[in-house]
Amino acid sequence: MAVTDPIADYLTRLRNAQQAGHRIVEIPSSNLKRRITEILYEQGFIYRYTFEEEGGKGKQGLIKIAPKYDPATRQPVIRKMGRISRPGLRKYAKANEIPRVINGLGIAIVSTSRGVMTDKQARAANVGGEVLCYVY
């Protein structure tokens, strides 16, 4: 089945796995999803991840993500995730207009001409782009 918005599907699978308390969530892989996973790991929102390649031509592989939970309360570290730019309505921002999520406590993931990066990295590099999603 074809997914019309793979980033929204990625966020929904991760959100649902956290709500159900799963240890591992498997998501179909793409280069964009891989980079978003790396950013979430670097920022401390997920515990661990692995990229598994499927054999053969045309196979996309899997991303296995271990969501991070607070050890005391067993609540997910990611409180909220949301898609900003959608296939039906793209949202672009200049470097000085990139939104700050919860006054800098959360992150916005931005697809720029220099690759996918956080809002802080995009402001530091002085590049704008498509604001994909926010996480906090």
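Where is the place of I102? In this predicted model, I102 sits in the loop between strand 5 (92–93) and strand 6 (107–112). Its phi is near 45°, a positive value in a residue other than glycine. That is worth a remark, since most residues other than glycine have a negative phi. As for its surroundings, I102 counts as partly exposed because its relative accessible area, 40%, falls between the 20% and 50% cut-offs.

N126 is another residue of this kind, with a phi near 60°, again positive and again not in a glycine. This time the loop is the one between helix 3 and strand 8. N126 has a relative accessibility of 60%, and since exposed means over 50%, it counts as exposed.

Helix 3 itself covers residues 119–125, and D119 belongs to it. Is D119 buried or exposed? At just 1% relative accessibility, D119 counts as buried, because the cut-off for that is under 20%. Setting aside neighbours within four places in sequence, the residues in contact with D119 are I98, P99, R100, V101, I107, A108 and V110.

Turning to the other end of the chain, helix 1 takes in residues 6–20. With 15 residues at 1.5 Å a residue, helix 1 should span 21 Å, and its end C-alpha atoms are indeed 21 Å apart, so the two values agree. Several of its residues are tucked away: I7, D9, Y10, L11, L14, A17 and Q18 are buried. And what covers them? The cover includes helix 2 (31–42) along with strand 1 (25–28), strand 3 (62–67), strand 4 (81–83) and strand 8 (129–135). Just after helix 1 comes G21, whose phi is positive at about 80°.

Strand 3, part of that cover, also pairs with other strands. Strand 1 runs antiparallel to strand 3, and four bridges join them; here V25 has I65 of strand 3 as its bridge partner. Strand 2 (residues 46–52) is likewise antiparallel to strand 3, with six bridges between them. In strand 3, K64 stands opposite T50.

Finally, there is the matter of empty space. Which residues line the largest pocket? The lining is made up of H22, R23, Y47, A66, P67, K68, Y69 and R74. By type, these divide into four nonpolar, three charged and one polar. The largest pocket holds about 150 Å³ of space.

Terms used:
Residues are numbered from 1 along each chain as its sequence is written. This is a predicted model: local features need pLDDT of at least 70, side-chain atom pairs count only at pLDDT 80 or more; totals for chains, interfaces and linings use all residues. Side-chain values use heavy atoms; hydrogens and water are left out. Helices (H or I, at least four residues) and strands (E, at least two) are DSSP runs, numbered from the N terminus. The expected span of a helix is 1.5 Å times one less than its number of residues. Buried means under 20% relative accessible area, exposed over 50%, partly exposed in between (1.4 Å probe, protein chains only). Contact means heavy atoms within 4.5 Å. Two strands pair if DSSP finds at least two bridges between them. On a 1 Å grid over the protein atoms alone, a cavity is a set of points where a 1.4 Å probe fits but cannot get out, and a pocket is an open set with protein on both sides within 12 Å along at least five of seven lines; lining residues have an atom within 4 Å of a point. Grid points are joined across faces, edges and corners, and a volume is the space filled by probe spheres set on the points. Ala, Val, Leu, Ile, Met, Phe, Trp, Tyr, Cys and Pro count as nonpolar, Asp, Glu, Lys and Arg as charged, and the others, Gly among them, as polar.
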